[in-house]
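Please open the structure in a viewer and keep the selection panel at hand. The stops below are arranged so that each selection leads to the next.

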Amino acid sequence: MIPALEISQLGKSYDSPQGPAEIVKDFNLKVAEGEFVCIIGHSGCGKSTVLSIAMGLNEASRGGIIIAGREVVGPGLDRGVVFQSSALLPWLSARENILLAIDQVNPRMTLKVRRLLADKFLNAVGLDGAADSYPDEMSAGMRQRVGIARALALEPKVLLLDEPFSLLDVVTRMELQDQLMELCAKEHKTVLMVTHDVDEAILLADRIVMMTNGPAATVGEIVSVPFERPRDRLGIAEDPRYHQVRSQLLGFLEARAHGSATAVPVVASQPAKTAKPKLTSEELFMIEKYTGFNRFRGKFRRQPAPANSPAPLSRAEAKLV
Amino acid sequence: MEKRFDSAAVILPLLGIGLMLFIWTAISLKVAPDLPSPLKTWQESKQYILDPFFKDGEMNQGILRFAFLSLVRVAKGFTLAIAIGTPLGFLLGLSPKFNQGFDPVIQVLRPISPLAWLPLGLVIFKQSEPAALFTIAICAMWPTVINTAMGVRSIGTEYLNVGRVLKLSPMKTLTKIMIPATLPYMFTGYRLSLGMAWLVIVAAEMLTGSPGLGGFLWQEYNSLVYSHILLSVLAIGLIGFALDRLMGVVERRFKTA
């Protein structure tokens, strides 16, 4: 089967005064249709560079990316893109922001139909009443929902997400993760997402690609996440395999954080030979420092909401309901 | 919250104006006997203020009539200035090469006084009215050019990236992203340009002898009616202030964008 997205021998280098600086080297990855793949790694390791090349916003120095049988030579409407900051145009309302995308793929439809279509995508991300709101009237979570709706509005085969939830507070982030899971289950999209959040990666991804540190960053390890989608965040957290995967990821990141040059052996889809069952407090501190993960999330898990009550809404979003 | 009456906001400006009138009176009494005192100025000018729309010949009209003539001239010159300045600013902001080529030209043209442009305008157009408009436009357009260029350069890459990933046409990128993103800068430029145009009007009317506040001022100087000079000066100041406030309101409307 032809992969929906294939990255082969991808390399990126910039000219610097000290000679060419190699950011990414020999990056290879195949993403099957309908698969959700997360790329994880330390900040500045070049994971966003790989994604921006896939978006067509950056040029590869070597190698290339093939999406649905076509080589990426620039931006394209076959890819839906979500940026870290929602990047909505502040002078356009939520609906107009989405119309910008819809107009590009459906230029022949009447305005009325296009507006209905825009509202449909707003509904899909749970923003029924906010079509006429401007970005500065919305919470960060709502803005990112519109950002996702705009990407979906292209009805792309592939979604490229660049740390889409990293600027949101914990509660909002969980809501949006759930929303994204739901959308992916429904639409069967192929997704490539960059994140630095280990738990987010485990919750969402089928496979997690861990990148080595730059310069010349490349694929370090690929871990398969052994849970069926759609997932339930509390359910998988109870599973012992969750902790195996998690400690494998953290072990990898931690080893990189100490700058060890030794290559970590590639153990794809075979969790945890190196897994440590218990972490010392010092290790925990390092993990928090380098992954952005934390005790707060742990707290959330220990105090789950009663099963019959809905997930908590942030204040701004509660207003919409 | 209840809005309380702020007495200082009224008293302090009144004190400032009072002090100014005092200094004016003192100068007219002690230093320059030819300078009419505030009272004399009022007495000799009240006809122009109390009946602001009378017309008794080209160069003898009520103050608002003169103000209107000047404002029309400024409006024409200002429109010309922003009509040329805005696209020029866009070009400079969009193309570093164009900017490199034209920046020296602009830096040299910018500090040239309206008094220097006007004779040149007369040479080119042979008539006073187009020469006056040319002078206003060429002096007033620089703030618009420079601010627009700066605005274009500071459009967030994230907005431009949105345009790129959505494959917007150049025209759509301009109208949906670049112009809206640059608007606040453009209006700051427009506000400064309008102030500049109003500064230039006096010089332009003085030298061309066109009816208006500046023309009136120059004529009354030649006729030795000094109180009318003060009348014109005050009118010019007040109208300039009002114009700036007006543009300030417009500018703020676009700031939120």
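**First stop: a helix in chain A**

In this predicted model, begin by selecting T172(A), R173(A), M174(A), E175(A), L176(A), Q177(A) and L180(A), the buried residues of α5(A). Extend the selection to residues 170-187 of chain A to show the whole of α5, which has 18 residues. From its first C-alpha to its last, α5(A) reaches 26 Å, close to the 26 Å expected at 1.5 Å a residue.

Next, add α4 (140-153) and α6 (198-204) of chain A; the buried residues of α5(A) pack against these two helices. Then move to H188(A), just after α5(A), where phi is positive at about 55°.

**Second stop: strands of chain A**

Select β1 (residues 5-16) and β4 (residues 62-67) of chain A. These strands pair in the antiparallel sense over 5 bridges. For one pair of bridge partners, display E6(A) together with I66(A) in β4(A).

Now add β5 (residues 70-71) of chain A, which pairs with β4(A) in the antiparallel sense over 2 bridges. Here R70(A) in β5(A) stands opposite I67(A). The hairpin of β4(A) and β5(A) has 2 residues between the strands, and A68(A) takes a positive phi near 50° in this hairpin.

**Third stop: R79(A)**

Select R79(A), which is placed in strand β6 (residues 79-82) of chain A. Is R79(A) buried or exposed? R79(A) counts as buried because it has 23 C-beta neighbours inside 10 Å, the cut-off being 20 or more.

To see its surroundings, display M55(A), I67(A), P156(A), V158(A) and L160(A); R79(A) is in contact with these residues, leaving aside its neighbours within four places in sequence. I67(A) is thus met again here, after its appearance opposite R70(A). For a distance check, pick P135(A): its C-alpha atom is separated by 23 Å from that of R79(A), and the two residues are 56 apart along the chain.

**Fourth stop: confidence in chain A**

Colour chain A by pLDDT. The average is 81, and 80% of the residues score at least 70. Select residues 260-277 of chain A, where the pLDDT is below 50; this stretch has 28 contacts in the model beyond near neighbours in sequence. Residues 316-321 of chain A also have a pLDDT below 50, with 9 contacts beyond near neighbours in sequence. Where pLDDT is low, the predicted coordinates should not be read in detail.

**Fifth stop: chain B as a whole**

Hide chain A and show chain B, which contains 10 helices and 0 strands. Its C-alpha atoms fill a box of roughly 70 × 60 × 35 Å along the principal axes. Of the 257 residues of chain B, 39% count as buried. Among contacts in chain B between residues at least 6 apart in sequence, 70% join residues at least 24 apart.

Colour domain 1 (1-35) and domain 2 (38-255) of chain B separately. The C-alpha centres of these two domains lie 29 Å apart.

**Last stop: where the chains meet**

Restore chain A. How many residues of chain B are in contact with chain A? There are 12, and they touch 15 residues of chain A. Select α7 (157-165) and α8 (170-208) of chain B, each of which supplies at least two residues of the side that touches chain A. Of the elements on this side, α7(B) gives the most, with 6 residues. By class, the side of chain B that touches chain A has 7 nonpolar, 1 polar and 4 charged residues.

Note on methods:
Residues numbered from 1 in each chain as written. Chains lettered and ligands numbered in written order. Predicted model: local features only at pLDDT ≥ 70, side-chain atom pairs only at ≥ 80, totals over all residues. Contact = placed C-beta atoms within 7 Å. Helix = DSSP H or I, 4+ residues; strand = E, 2+ residues; numbered from the N terminus. Nonpolar A, V, L, I, M, F, W, Y, C, P; charged D, E, K, R; others polar. Expected span 1.5 Å × (residues − 1). Buried ≥ 20, exposed ≤ 12 C-beta atoms within 10 Å, placed from the backbone. Domains from an automatic or database assignment. Pairing = 2+ DSSP bridges. pLDDT = per-residue confidence, 0-100.
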